[in-house]
Amino acid sequence: MSTLQAVKLLPTLTASEGKRGATGMGKARKGGPTLKVALGLGKNSAERGYDAAKGGYFEEGAPGGAPTKLEKVWWVQAEALPGLWWLYRLSNDASFLDRLERTLSWIETKQLDRENGEWFWSIIPDGSIGPHGDHKGEEWKASYHQLRAT
């Protein structure tokens with residue numbers, strides 16, 4: 001299970017609170033059960049999957065435990081940004097904004113290939129490109145993750 005799955009689900013969960021759109025967000029902001037679940041999942045993911053030393057999110061970890069795969073995969077970083085934004089908006093906890101800014105900084109300085117464009121698939125803990133190498137496209141790499149991050 002990805003440590004970011006809960007954060008990725010946050011916009012979907014909050015929108016499902018009542019009707020979609022502003023009505024659903026209004027109900028979620030008032031503390032409905034979906035909000036409590038979404039915030040709990042998102043906080044757990046943010047606390048356990050976030051790399052406080054370098055910024056960014058680790059690929060995977062057991063529920064309630066420490067990360068087990070320390071690689072930082074492109075889609076996890078991309079999905080963290082809107083997830084952290086929603087966590088901040090729904091909780092007013094500025095620590096989520098700090099994690100968002102540090103994750104964005106991680107992307108801009110480590111995950112993004114400034115010379116050739118696109119994002120590297122993954123970066124391993126020593127800061128080098130992960131086992132997928134420096135190729136940027138394949139059947140599992142879809143750009144909708146990056147679009148959601150903007």
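Let's begin in a loop of this predicted model, at Glu118. With a relative accessibility of 32%, Glu118 counts as partly exposed, because the partly exposed class lies between the 20% and 50% limits. Glu118 sits in the loop between helix 5 and strand 4. Its backbone deserves a look too: phi is positive, about 75 degrees, although Glu118 is not a glycine. As background, most residues other than glycine have a negative phi.

Another residue invites the same kind of look. Asn92, in the loop between helix 4 and helix 5, has a phi near 60 degrees, again a positive value in a residue other than glycine. Asn92 counts as exposed, because its relative accessibility is 61%.

Staying with the loop that follows helix 5, we come to the salt bridges, of which the structure holds 3. Asp113 pairs with Lys136, and their closest N and O atoms are 2.7 Å apart. Asp113 belongs to the loop between helix 5 (94–111) and strand 4 (122–123), while Lys136 belongs to the loop between strand 4 and helix 6 (144–149), so this salt bridge ties together parts that are 23 residues apart in sequence. Both Asp113 and Lys136 are buried.

Next, follow the chain back to the loop between helix 3 and strand 1. A salt bridge joins Asp51 to Lys72, with 2.7 Å between the closest N and O atoms. This pair links distant parts of the chain: Asp51 is in the loop between helix 3 and strand 1 (60–61), Lys72 is in strand 3 (residues 72–73), and 21 residues separate them. Here, too, both partners, Lys72 and Asp51, are buried.

Glu59 and Lys69 also meet through their side chains in a salt bridge, at 3.8 Å from N to O. Glu59 lies in the loop between helix 3 and strand 1 and Lys69 in strand 2 (residues 67–69), so the contact ties together parts 10 residues apart in sequence. Glu59 counts as buried because its relative accessibility is 18%, whereas Lys69, at 37%, counts as partly exposed.

Helix 3 itself makes a good next stop. This helix covers residues 33–49, 17 residues in total, and reaches 24 Å from its first C-alpha to its last, close to the 24 Å expected at 1.5 Å a residue. Its buried residues are Thr34, Leu35, Ala38, Leu39, Gly42, Ser45, Ala46 and Gly49. Viewed down the axis of helix 3, these buried residues fall within an arc of 135 degrees, so they line one face of the helix. Turn to the face directed away from that buried side, and you will find the exposed residues Pro33, Lys36 and Glu47.

From here we can step into the largest nonpolar core, which has 23 residues; among these, Tyr57 and Leu84 touch the most other members. Helix 3, helix 4 (74–91) and helix 5 each supply at least two residues of this core. The most comes from helix 4, which gives 9 residues.

Our last stop is Ala80, a residue of helix 4. Ala80 counts as buried, because its relative accessibility is 0%. Look from Ala80 across to Tyr50: the two are 30 residues apart in sequence, and their C-alpha atoms are 9.5 Å apart in space.

Terms used
Residues are numbered from 1 along each chain as its sequence is written. This is a predicted model: local features need pLDDT of at least 70, side-chain atom pairs count only at pLDDT 80 or more; totals for chains, interfaces and linings use all residues. Side-chain values use heavy atoms; hydrogens and water are left out. Helices (H or I, at least four residues) and strands (E, at least two) are DSSP runs, numbered from the N terminus. The expected span of a helix is 1.5 Å times one less than its number of residues. Buried means under 20% relative accessible area, exposed over 50%, partly exposed in between (1.4 Å probe, protein chains only). The arc is that of the directions from the helix axis to the C-beta atoms. A salt bridge is a side-chain nitrogen of Lys or Arg within 4 Å of a carboxyl oxygen of Asp or Glu. A nonpolar core is a set of buried Ala, Val, Leu, Ile, Met, Phe, Trp, Tyr and Cys residues joined through side-chain atoms within 4.5 Å.
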